[in-house]
Amino acid sequence: MAARSAGRGVGRLLGSLYRCPGQPVRPLRGLSTPGWATSQFSGSAPTLAPTAALPGSYPALSAQAAQEPAAFWGQLARDTLVWDTPYHTVWDCDFSSGKIGWFLGGQLNVSVNCLDQHVQKSPESVALIWERDEPGTEVRITYRELLETTCRLANTLKRHGVQRGDRVAIYMPVSPLSVAAMLACARIGAVHTVVFAGFSAESLAGRINDAKCKVVITFNQGLRGGRVVELKKIVDEAMKNCPTVQHVLVAQRTDNKVHMGDLDIPLEQEMAKEAPVCIPEIMDSEDMLFMLYTSGSTGTPKGLVHTQAGYLLYAALTHKLVFDYQPGDVFGCVADIGWITGHSYVVYGPLCNGATSVLFESTPVYPNAGRYWETVQRLKINQFYGAPTAVRLLLKYGDTWVKKYDRSSLRTLGSVGEPINHEAWEWLYKVVGDSRCTLVDTWWQTETGGICIAPRPSEEGAEILPGMAMRPFFGIIPALMDEKGNIMEGSDVSGALCISQAWPGMARTIYGDHQRFIDSYFKAYPGYYFTGDGAHRTKGGYYQITGRMDDVINISGHRLGTAEIEDAMADHPAVPETAVIGYPHDIKGEAAFAFIVLKDDVGDVDMVVSELKSAVATKIAKYAVPDQVLVVKRLPKTRSGKVMRRLLRKIITGRTQDLGDTTTLEDPSVITEILSTFQKHKDKQAVAK
């Protein structure tokens with residue numbers, strides 16, 4: 001069944017949600033800074049404005065964004081963002097060299113765009129609703145309060161030596177103070193790198209060292225699903241191997257005391273000494289805003305760099321148009337700020353748009369499986385944006401937990417992190433949304449900065465097909481490539497998903513390794529950005545994502561390189577070889593399956609397996625631990641020694657009738673050998689059940 005929504009015309013959305021073309025742009029200077037000198041935005045608006053020239057037409061707006069990107073994005077940037085200095089060049093991009101630049105010459109401050117401009121107009125509007133771990137204890141924070149907190153934290157950072165361009169690690173779960181920490185960095189020109197608060201000390205240290213962070217901000221403890229998370233202890237362990245860190249700012253989430261060492265500073269006490277006013281640093285459009293680490297097909301996470309103006313514009317525009325955000329709405333994205341979804345659709349996009357954004361600290365099943373829907377009822381959430389993993393989990397609890405609560409406030413439902421299967425889509429649409437809410441299945445990546453393919457925006461009343469991202473966002477020009485690098489024309493074709501033209505929100509580089517950036521995204525298909533995903537273009541011209549094409553798996557919406565898991569297990573003295581692949585999982589979407597080769601003298605195999613799982617949890621995170629581990633005598637290798645992981649994937653998914661070309665295998669009999677071992681493994685599991 002296809003979902004339909006009357007919605008609003010795209011042109012009218014663009015026209016009504018942003019300042020009218022030609023309206024003067026008045027830069028703001030921190031509201032709480034009397035006498036701060038101002039400079040007017042000089043220069044006239046271009047004659048071609050997308051809202052005026054192409055009202056209400058998704059195809060026409062898409063065509064303009066593709067054919068006249070300077071006119072399209074240039075006008076939107078002028079109308080949407082608060083500038084200190086106008087830009088002189090809308091874009092300067094070259095995929096062959098990995099050069100990406102937007103709004104060159106322009107200067108602004110992201111925190112002013114997210115805070116000051118709204119405080120000037122409506123200081124008591126609610127910016128954040130912190131849905132704490134214990135239901136019914138939510139806290140509302142106004143834009144004025146968030147600005148003051150941000151300024152105090154920014155001044156604290158400056159007092160402790162943080163300067164423009166310095167990197168700051170934020171190891172905190174979702175909270176108003178976490179958001180203020182991000183915005184405080186933006187205010188003083190520091191670069192934040194948020195590390196998911198479920199990562200191990202070793203993973204945290206690796207990211208801190210790669211970024212050469214000067215300061216770490218954390219909580220004494222975290223709360224999640226009724227359990228205490230010992231964040232400070234994890235940071236303490238990481239600090240043993242982080243020579244660049246000069247200070248650890250420790251905030252209090254619980255009343256429990258934790259050890260405070262020489263590096264540690266009580267954050268709230270220091271903030272109380274600071275003024276609630278901080279003059280924002282004027283930043284160039286292409287200065288770094290933040291770094292966020294993501295997994296690659298090799299073992300080392302990539303520190304992807306996002307910059308100021310282009311990222312903010314793209315996050316704000318996609319937030320408004322994909323979700324049909326309207327002023328006064330309560331926007332509920334339940335992602336953690338440790339991921340790009342939390343950056344773009346919990347923090348930067350909603351706050352730039354002056355929205356009320358929900359910060360969800362808990363889990364979908366605490367204290368019961370009705371948590372999401374009770375929160376929707378209590379907070380009157382209008383847009384709900386979550387992951388297919390959670391939907392599949394809740395689906396198994398049945399409909400009762402959903403129907404127990406009033407969800408009439410909902411208008412838009414969103415899915416993110418991985419392709420959503422049809423059963424989960426139908427349940428979300430029919431049961432949660434009562435067959436009346438628009439359901440947007442969104443495709444994008446850490447690298448893209450914001451949503452690239454989604455059912456909305458579109459023509460009014462346009463169909464939405466289950467389990468499909470469907471329509472490219474403005475300025476996103478997909479291209480499907482075959483194995484030889486040729487563009488696949490027409491419909492009903494599948495290939496490697498590439499994007500043929502730059503867009504403002506895309507990452508600019510990998511921190512400290514621009515060549516890796518080029519090799520990862522622009523080398524496979526010269527002249528195109530390669531997403532790493534495969535896609536199918538339907539007969540209707542819509543796009544359906546088919547999954548990763550490299551050795552990256554998607555566990556509960558978290559991208560993880562198989563090489564990372566292999567590296568975590570490689571140090572065990574009893575394990576000379578290992579290979580990890582992803583396989584379908586009913587709840588997680590994908591799970592990790594590890595094949596390990598043991599030395600001949602290993603006695604207790606079960607103990608080794610347990611130690612390997614513990615090593616993965618310690619070095620990466622608990623969610624990375626393989627669900628299944630199979631001990632084999634040897635791995636399928638080519639004559640050159642490369643492990644043929646596609647054969648292992650076909651073995652565990654039951655597709656052994658079509659193994660493809662095996663002529664390069666050093667010894668084809670290894671397939672029969674592994675198949676026999678795997679069958680015994682399955683039989684043992686069946687008996688255990």
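This report describes selected backbone and side-chain features of the structure shown above.

The structure is a predicted model, in which local features need pLDDT of at least 70 and side-chain atom pairs count only at pLDDT 80 or more, while totals for chains, interfaces and linings use all residues. Residues are numbered from 1 along each chain as its sequence is written, and side-chain values use heavy atoms, with hydrogens and water left out.

**Backbone features**

Helices (H or I, at least four residues) and strands (E, at least two) are DSSP runs, numbered from the N terminus. Most residues other than glycine have a negative phi, and most peptide bonds are trans. Against that background, F103, which is not a glycine, has a positive phi near 60°, and this residue is found in strand β2, which covers residues 102-104. F103 has a relative accessible area of 0% and is therefore buried, where buried means under 20% relative accessible area, exposed over 50%, and partly exposed in between (1.4 Å probe, protein chains only). K212, also not a glycine, has a positive phi of about 55°, but K212 is found in the loop between α8 (201-211) and β8 (215-219) and, at 49% relative accessibility, counts as partly exposed.

Where do the cis peptide bonds to P367 and P457 occur? The bond from Y366 to P367 is cis, with omega near 0°, and P367 lies in the loop between β17 (356-360) and α13 (371-379). The bond from R456 to P457 is likewise cis, with omega near 5°, and P457 lies in the loop between β20 (438-441) and β21 (478-481).

Helix α5, spanning residues 110-121, contains D116, a residue that is buried at a relative accessible area of 1%. The C-alpha atoms of D116 and R144 are separated by 8.2 Å, although the two residues are 28 residues apart along the chain.

**Salt bridges**

A salt bridge is taken here as a side-chain nitrogen of Lys or Arg within 4 Å of a carboxyl oxygen of Asp or Glu, and by this rule the count comes to 28 salt bridges. The table gives three of them, with the separation of the N and O atoms.

| Basic residue | Acidic residue | N to O separation |
|---|---|---|
| R140 | E138 | 3.4 Å |
| K273 | E270 | 2.9 Å |
| R634 | D667 | 2.8 Å |

In the pair of R140 and E138, both side chains count as partly exposed, R140 at 42% relative accessibility and E138 at 22%. In the pair of E270 and K273, by contrast, E270 is buried with a relative accessible area of 13%, whereas K273 is exposed with a relative accessible area of 62%.

The salt bridge between R634 and D667 has its closest N and O atoms 2.8 Å apart. R634 lies in the loop between β30 (628-632) and α20 (645-652), and D667 lies in the loop between α20 and α21 (669-688), so this pair ties together parts that are 33 residues apart in sequence. R634 is partly exposed, with a relative accessible area of 27%, and D667 is partly exposed as well, with a relative accessible area of 31%.

Which residues do salt bridges with shared partners join into one network? The network is made up of E131, E138, R140, R371, E374 and R378, and the salt bridge between R140 and E138 listed in the table involves two of its members.
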